[in-house]
Amino acid sequence: MTRWRAASLAAAAALALVLSGCGGTGGAGGSGDGKGELLVWVDNTRMPAAQQYKKAHPDLKMRIVTIPPDAGYVPTKISLANRTKSGWPDVVFLANPAEAATLASEKFGYAAPLDDLVPKSVRDGFTPGSLDTCTFGGRTYCLRNDIAPTVLWYDATLMKRYGYQVPKTWAEYQQTGLKAAEEHPGTIVGAVNGKYGAGIYFGSSGCATRDTLSLTEVHIDLGQANCTRVADLLQPLARKKAVTTVVPIDPGFAKFGKDDQILMLPAPAWFGDFMFGPAFKVPKGRIAAAPMPTWPGEGKPYAGQVGGGALLVSAHAGGRTKEAADLVRWMTTDVNLQAGQPTYPAFTAAAKKWGEAKSKDPYYASDPMPALTAAANALRPGFGAVRFEADWQSSFNDTLVKAIDSGDNLRSALPSWQDKLEAAAGTSGYTVG
């Protein structure tokens, strides 16, 4: 375990102990302090929805607690509840869906399978592939609130100014990136750091970095062509500085936007609303979305995934299980509710209504919904929720990003990343198949 991760979990554990003593995050003595309350943990964004449900069900005793979206927070709190055998929430929102793999594991035993609680007809209404991160061994342990499929965002103004065409294949993307780096030094066409490299490029390519076979087995194989082709794509772009290792959420990344240096950026759907304008300061009327480029030998573009959320029902809910499942179903599938959410809904009907406002948003140079919808329906299979999510990101930086920054060969870095992933998987209780 890396030092930063150990420190983070230790801090979270300490905070959990403090808060459990003052009752600020659920308290002790069982769900609802033994009063038969439906105890619900959600982040600030989901709080209004939970309150709306409570208001619509005045006969339901329900207590809603706000929790932070910090990685590791929920598993740490559930671990504490497991030790004290009390204080479990009946429903919990995960800002990081990968944590479902931890909460559904035998060690935690927290997440309840939803197959008998939520009708198949409802589950079938979710965007194809969106529940893959909730499914282990053929059983569904969560429902996705929102998803974060990747698209090729681009600056339409710069494209027109430079006389470039939006690439449809990764080969064209590479050629355009190299041309831009030569003709307009400082221009970037992508960001390669942590999940923004591993999830976008390797995820869309179908590289087996985290193919979840069950709660105890994962497939990792970085020697396959789906992985080496990504290294070959990025190698010349990295050499010419056409892709950056600065993480997009770092304040320093904003300089690229302010200086008109972001020509293209493969990134998740939520970047459109929350990054280009607010963080990167790109003026309205310039940013547009296109489908992800197509990989060689494939007939359609596939999307990677970076973000999204999920809702779980506790295996300890007892007599509140039915009510808990109904709340989770409503929060994730109510079309009017989801249409007003800030990010791309996982439920297909809700996504369609959500997109009506997005299509008319004056910030964009053109309607982004065709590309977003196509991406949502082209999630690359095999990208599963794993218990070594943090190590998956940090090991990418320790190998591939390090190789980029030092000018080393990216193909040669893949075996090292494989070793680190296998070690992380083994430490997390997986066998690598």
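The torsion about the S-S bond of Cys-134 and Cys-142 is about -95°, so this disulfide (a pair of cysteine sulfur atoms within 2.5 Å) is left-handed. The structure is a predicted model, in which local features need pLDDT of at least 70 and side-chain atom pairs count only at pLDDT 80 or more, while totals for chains, interfaces and linings use all residues. Residues are numbered from 1 along each chain as its sequence is written, and side-chain values use heavy atoms, with hydrogens and water left out.

A search of the whole structure finds two disulfides, and with bonded cysteines counted along the chain they follow the pattern 1-2, 3-4. In the link already introduced, the sulfur atoms of Cys-134 and Cys-142 lie 2.0 Å apart. Both Cys-134 and Cys-142 are buried, where buried means under 20% relative accessible area, exposed over 50%, and partly exposed in between (1.4 Å probe, protein chains only).

The other disulfide joins Cys-207 and Cys-227, again with 2.0 Å between the sulfur atoms. Its torsion of 95° about the S-S bond makes the link of Cys-207 and Cys-227 right-handed. This pair connects distant parts of the chain, 20 residues apart: Cys-207 sits in the loop between helix 8 (195-205) and strand 9 (208-212), and Cys-227 in helix 9 (residues 225-239). Helices (H or I, at least four residues) and strands (E, at least two) are DSSP runs, numbered from the N terminus. Cys-207 is buried, with a relative accessible area of 6%, and Cys-227 is buried at 0%.

Helix 8 also meets helix 16 (residues 389-406), the two axes coming within 8 Å and crossing at roughly 90°. Helix 8 is therefore roughly perpendicular to helix 16. Axes here are lines fitted to C-alpha atoms, for helices over the stretch in contact, and angles run from 0 to 180 degrees between N-to-C directions. Angles under 35 degrees count as roughly parallel, over 145 as roughly antiparallel, 65 to 115 as roughly perpendicular and the rest as oblique. On the helix 8 side, Lys-195, Gly-197, Ala-198, Gly-199 and Phe-202 meet Trp-392, Gln-393, Phe-396 and Leu-400 of helix 16.

Strand 9 leads on to an open sheet of three strands, ordered 9-10-15 with mixed pairing. Strands pair if DSSP finds at least two bridges between them. At the edges are strand 9 and strand 15 (431-432), each pairing on one side only. Strand 10 (residues 217-221) runs parallel to strand 15 and is joined to it by two bridges, with Glu-217 opposite Thr-431.

A further open sheet has five strands in the order 2-1-3-14-6, also with mixed pairing. Its edge strands are strand 2 (62-66) and strand 6 (143-146), each of which pairs on one side only. From one strand to the next, the twist averages 20°. Strand 1 (residues 38-42) pairs with strand 2 in the parallel sense over five bridges, and Val-42 stands opposite Thr-66 in strand 2. Helix 2 (residues 47-56) lies across strand 1 and strand 2, running at about 175° to strand 2.

Finally, Trp-170 in helix 7 (residues 170-183) offers a closer look at a single residue. Trp-170 is buried, with a relative accessible area of 2%. Leaving aside neighbours within four places in sequence, Trp-170 is in contact (heavy atoms within 4.5 Å) with residues including Tyr-201, Ser-204, Leu-233 and Trp-295.
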